[in-house]
2 protein chains.
Amino acid sequence: VDRERTVVIAGVGLIGGSIGLAVRARRPGMRVIGLGRDRARLEQAVRLGAIDRATTDAAEAYAGADVAVVCTPVTRVARDAREAARLAPPHVLVTDAGSTKAAIVAEIEADVDPSSRRAFVGAHPIAGSEKKGAAHARDDLFEGRACVLTPTPFTDPDRLDRARAFWSSLGCVLTEMAPAEHDRALALTSHLPHAVAAALAATVPADLLPLAAGAYRDGTRVAGSDAELWAGIFLANRSHVLDALTAFDLSLNRFRDALRDDDPAALALWWEEARSRRARFQPDDPATAHAP
Amino acid sequence: VDRERTVVIAGVGLIGGSIGLAVRARRPGMRVIGLGRDRARLEQAVRLGAIDRATTDAAEAYAGADVAVVCTPVTRVARDAREAARLAPPHVLVTDAGSTKAAIVAEIEADVDPSSRRAFVGAHPIAGSEKKGAAHARDDLFEGRACVLTPTPFTDPDRLDRARAFWSSLGCVLTEMAPAEHDRALALTSHLPHAVAAALAATVPADLLPLAAGAYRDGTRVAGSDAELWAGIFLANRSHVLDALTAFDLSLNRFRDALRDDDPAALALWWEEARSRRARFQPDDPATAHAP
């Protein structure tokens, strides 16, 4: 870890930019290179101080990389991680920030070139925002936030230690679980809430919005997120998200039945169960202070 | 309006307490009397400056009332409004802050004693919080917020003018519509978001909460609201809430179908429609700065 000098961040948006800001704030000796496809966005990230240097040339970016962090949309993470492992020096640690893990890890471990699975440790720092781009990046986005690492039997123990050290150095609180276990959990804690927020936003007619207030505002906030990004996340975690929807329907149908039956006791009981579950969440905990 | 000197607030919780604070801050000549059943809560409201004087005796409270504002749960509003009309001087304006209107207005207008329907103007200031009690009251809770008045052909024009003046004096932006129209709108803008928040809160297992973040936090916030209060609101607006649930299901089923069909374009289109609808809401507008 002490010999790590150069981090390459592939994809310098909200997450990649925040990682850059956090590395530069917390690890002054490190050099941060941003790799992307859009020159204007890369230059903005340099101006914002999220990265030291920018390039659109992957070979140039990875030439001296000790750590590569892939922060592209989940549909591109596996491909970009394999590229990093192929182009970087053999000792490179490749990690990512994707919101789903099983499909990404499986694709990387299936690579005929064994350097990918040797270099890679899947990660998901659970932080974000409905806002896009490095302009919304923050150096404390990961402070006290959970980061899930998803090692497998193929994971190199040395890389796992380096991944732990890297994500901890950004302020994350680490958890480790299998990729599929991560995806099942996040389907409920993040993907379902996003789908529900969008369905709610789509249901309230525009002409009634002047009569909407806090419940609508908070319940639909994350529907402001990027469509392509979320289509990719939902599809990458399709079966778990479908299961989460079924569980959600069961709960909403209990409400509907109690309402149809005109049953105040059943309604109050259903509500009270939800209320007491919600009370176990610690929204003022630094670990849950930001989105999503 | 200028001759109004005494306001009685029946039910000094978050809403009643905020009305008291706002009246005292904005109309220094007025005396605010709090009427309630729980002496400790009434005394707290006096200490917090939400009311000048407290009583548990309705006849005593209403003896000199120029305005009565009923801020009790929707299941009790009609009864309490009729009591106010019966006990107060004949010129009294009776108004309320109930989250539903049709059942309340119908019950008051059906009163054999015509003083109720002559005195009453239904109102719903669209502001609140998942928190309970005068301790969470704020004098700016209604500042710039929509308040719906629901006059009917029975409404006395003079009382309607006085109700407009009263709610405007608290900082509300007035809208007027029929009681049923209000209930249909609020089923979508407020009651549905509350039901969805509770269903979401009930769906995420407690052991996964450390992996929940902003989407869960905001999407379930209002599930922290009071169970009895919300059971009453849902039942008082039963058919419109059931209709709103059906509309929500249609949207969520479009998502489910696109996901089952593995169709990224359909998912992105569905999301984009939700995102653009949400973008028309102005969350930073003072009119929408607070809950619910």
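**Salt bridges and the interface between chains A and B**

In this predicted model, Arg53(A) counts as partly exposed, because its relative accessibility is 32% and the partly exposed class runs from 20% to 50%. Glu60(A) is also classed as partly exposed, at 40% relative accessibility. The side chains of Arg53(A) and Glu60(A) meet in a salt bridge, with N and O 3.2 Å apart. In general, side chains of opposite charge can pair when their charged atoms come close. A search of the whole structure finds 48 salt bridges over all chains.

A further bridge lies within chain B. There, Arg164(B) and Glu176(B) meet through their side chains at 2.6 Å, N to O. This pair links distant parts of the chain. Arg164(B) sits in helix 7, residues 157-169, while Glu176(B) belongs to strand 9, residues 173-176. Twelve residues separate the two in chain B. Arg164(B) has a relative accessible area of 28% and is therefore partly exposed. Glu176(B), at 35%, is partly exposed too.

The relation between the two chains was examined next. Two copies of a chain are related by a rotation about an axis and a shift along it. Here, a turn of 180° with a shift of 0.0 Å along the axis lays chain B on chain A, with an RMSD of 0.0 Å. The copies are therefore related as by a two-fold rotation axis. Within chain B, the C-alpha nearest this axis belongs to Gly219(B), at 2.1 Å. The same surface serves both copies. Of the contact residues of chain B, 100% recur in chain A.

Contact between the chains involves 85 residues of chain B and 86 residues of chain A. Together the chains bury about 7700 Å² between them. Carbon and sulfur atoms account for 71% of that area. Polar contacts join 22 residue pairs between chain B and chain A, counting pairs with both residues at pLDDT 80 or more. Six elements of chain B each supply at least two residues of the side that touches chain A: strand 8 (146-149), helix 8 (179-203), helix 9 (214-220), helix 10 (227-236), helix 11 (238-260) and helix 12 (264-279). Helix 8 of chain B gives the largest share, 17 residues. By class, this side of chain B holds 54 nonpolar, 13 polar and 18 charged residues.

Six salt bridges are counted between chain B and chain A. One of the salt bridges in the model pairs Asp262(A) with Arg238(B), whose closest N and O atoms are 4.0 Å apart. Asp262(A) lies in the loop between helix 11 (238-260) and helix 12 (264-279) of chain A, and Arg238(B) in helix 11 of chain B, so the pair joins two chains. With a relative accessible area of 43%, Asp262(A) is partly exposed. Arg238(B) is likewise classed as partly exposed, at 28% relative accessibility. Arg238(A) and Asp262(B) also meet in a salt bridge, at 3.9 Å from N to O.

Charged residues of both chains also appear in a network of salt bridges. Its members are Glu130(A), Lys131(A) and Arg221(A) of chain A, together with Arg217(B) and Asp218(B) of chain B.

Definitions and conventions: Residues are numbered from 1 along each chain as its sequence is written. Chains are lettered from A and ligands numbered from 1 in the order in which they are written. This is a predicted model: local features need pLDDT of at least 70, side-chain atom pairs count only at pLDDT 80 or more; totals for chains, interfaces and linings use all residues. Side-chain values use heavy atoms; hydrogens and water are left out. Copies are superposed by least squares on the C-alpha atoms of residues with pLDDT of at least 70 in both. Contact means heavy atoms within 4.5 Å. Buried area is the accessible area (1.4 Å probe) that two parts lose on being put together, summed over both. A polar contact is a pair of N or O atoms within 3.5 Å; within protein, one must be able to donate a hydrogen and the other to accept it, and residues adjacent in sequence count only if both atoms are side-chain atoms. Helices (H or I, at least four residues) and strands (E, at least two) are DSSP runs, numbered from the N terminus. Ala, Val, Leu, Ile, Met, Phe, Trp, Tyr, Cys and Pro count as nonpolar, Asp, Glu, Lys and Arg as charged, and the others, Gly among them, as polar. Buried means under 20% relative accessible area, exposed over 50%, partly exposed in between (1.4 Å probe, protein chains only).
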